[in-house]
Amino acid sequence: MILPNATLGVLGGGQLGRMFTLAAYSMGYRVVVLDPDPHSPAGLIADQHIKADYRDHAALQILGDECAAVTTEFENVPAESMEYLEKFCAVRPNAEALRIAQDRIREKTFVQEHGLATAAFVAIYEDADIVAAIESLNAPLIMKTASLGYDGKGQVQVNTLAEARNAFEQLGNAACVLEEMVELEHEVSVILARSIDGKMSIYPVGENRHVNGILDTTIVPAAIEASVGEAAIDMATRLADSMNYCGILAVEFFCTRQGELLINEIATRPHNSGHYTVDACATSQFEQQVRMMCGLPPGDTLMLSPVVMTNLLGDIWKDGEPQWQHVLNESQAHLHLYGKKNARPGRKMGHINCLAVDVEQALKTTAKIHSALSI
Ligand SMILES: Nc1ncnc2c1ncn2[C@@H]1O[C@H](COP(=O)(O)OP(=O)(O)O)[C@@H](O)[C@H]1O
Ligand SMILES: [Mg+2]
């Protein structure tokens, strides 16, 4: 077990790394962040910020020598860098898990190989694959880059061969998946912690609403049949077991109008749809990340209150700093800001967790805050 006063490392200095750092601090650990961006949200508050490229072996060695364990908050850290780090310290989750999650082709193939369902898809490497895919898939379709996509970026909806060819070109002829669009009843996610010895703690299922491909709201408990929630948890835990995973795993699901439950994608780190756990659960997903990388047992995931999480995107900074008193005047609203300097449209700047006796009340308070902030 790695105990307090030890130094922990995190690859990536975004908001997830910042909230990880805050959780680690309150438990008495030191934190070193590696991120090339001198203004990264986690780098600004860490004990030490190594400003270097994720491929810089000298920097990785400094990180590995200083830390008892290293985790990641950024999906696109090269898996090779994680492998290199494994020479110097514990790396959790490991390079293999990251390698699966950072490539949609590997990810969806892995899911299907383990008997779990995804939307129908075809891997696209070249034009001939597009021609064959159009024959076998039912439109409407969505072309997604296999790697580096996030928040709906790197995705184009297509219906015809000509559109699919255009989309592939528009996405730089990089490897893609061409996937059937499904009719969504709901989107939900399951976040779990799995320890080195395979013990799991699972958070309550959250319902996710997206706007323009970006997560907007997470509602917990989700308004789904208990059997659907149980099936999602069963699929997520089977996946974690089959990866012999150690860390926080987030699994995004599509619940279709036809009643199917499909795995959309996984994240090998805390997830935006788990931010609610910070104010509404006995153990936050970030404390859980610390516990998992330190070889501790998972904390209790008990939900203490119904909750609605809403993201704050850079769009609402268009007339300057938003009027935060509209949030802070609400006794059950918790404001979280990430300390990012430049508020660009679509950029995640912070979020709000609204607690209440039930989801309806939490949604009402959220709506009131949104109209005051003109979201
Ligand atoms: N096959 C699909 N059918 C219906 N909606 C989809 C499909 N793929 C993506 N979407 C919508 O776009 C969102 C973002 O897509 P996703 O594959 O999760 O990429 P990202 O990495 O950007 O989160 C999803 O949460 C969903 O709302
Ligand atoms: Mg997604």
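Start with ligand 1 and select the residues around it: in this predicted model, the shell takes at least three residues from each of domain 2 (120–180) and domain 3 (184–372). Now show side chains for the residues that come nearest, which are A119, G152, M181, V182 and H210, out of 17 around the ligand. Colour the secondary structure next, and you'll find that β7 (141–145), β10 (184–194) and β15 (261–267) are the elements giving two or more residues to this shell. Try colouring by residue type too: the shell around ligand 1 splits into six nonpolar, five polar and six charged residues.

Zoom out and colour by domain. The chain is divided into domain 1 (7–91), domain 2 (120–180) and domain 3 (184–372). Put a marker at the C-alpha centres of domain 2 and domain 3, and you have two points 28 Å apart.

Next stop, the five-stranded sheet. Follow the strands across in the order β3-β2-β1-β4-β5; the sheet is open and the pairing is parallel. Which strands stand at the edges? Pick β3 (48–50) and β5 (90–91): each has a single partner strand, so one side of each has no neighbour in the sheet.

Stay with β3 and bring in its pairing with β2 (residues 30–34), a parallel match over three bridges. To see one residue pair here, select L34 and look across to I50, its bridge partner in β3.

Last, select helix α1 (residues 15–26). Helix α1 lies across β1 (7–11) and β2. Line up your view along β2 and you can check the angle: the helix runs at about 165° to that strand.

How values were computed: Residues are numbered from 1 along each chain as its sequence is written. Chains are lettered from A and ligands numbered from 1 in the order in which they are written. This is a predicted model: local features need pLDDT of at least 70, side-chain atom pairs count only at pLDDT 80 or more; totals for chains, interfaces and linings use all residues. Domain bounds come from an automatic or database domain assignment. A residue is near a molecule or strand if its C-beta atom, placed from the backbone, lies within 6 Å of it. Helices (H or I, at least four residues) and strands (E, at least two) are DSSP runs, numbered from the N terminus. Ala, Val, Leu, Ile, Met, Phe, Trp, Tyr, Cys and Pro count as nonpolar, Asp, Glu, Lys and Arg as charged, and the others, Gly among them, as polar. Two strands pair if DSSP finds at least two bridges between them. Two residues are in contact if their C-beta atoms, placed from the backbone, lie within 7 Å. Axes are lines fitted to C-alpha atoms, for helices over the stretch in contact, and angles run from 0 to 180 degrees between N-to-C directions.
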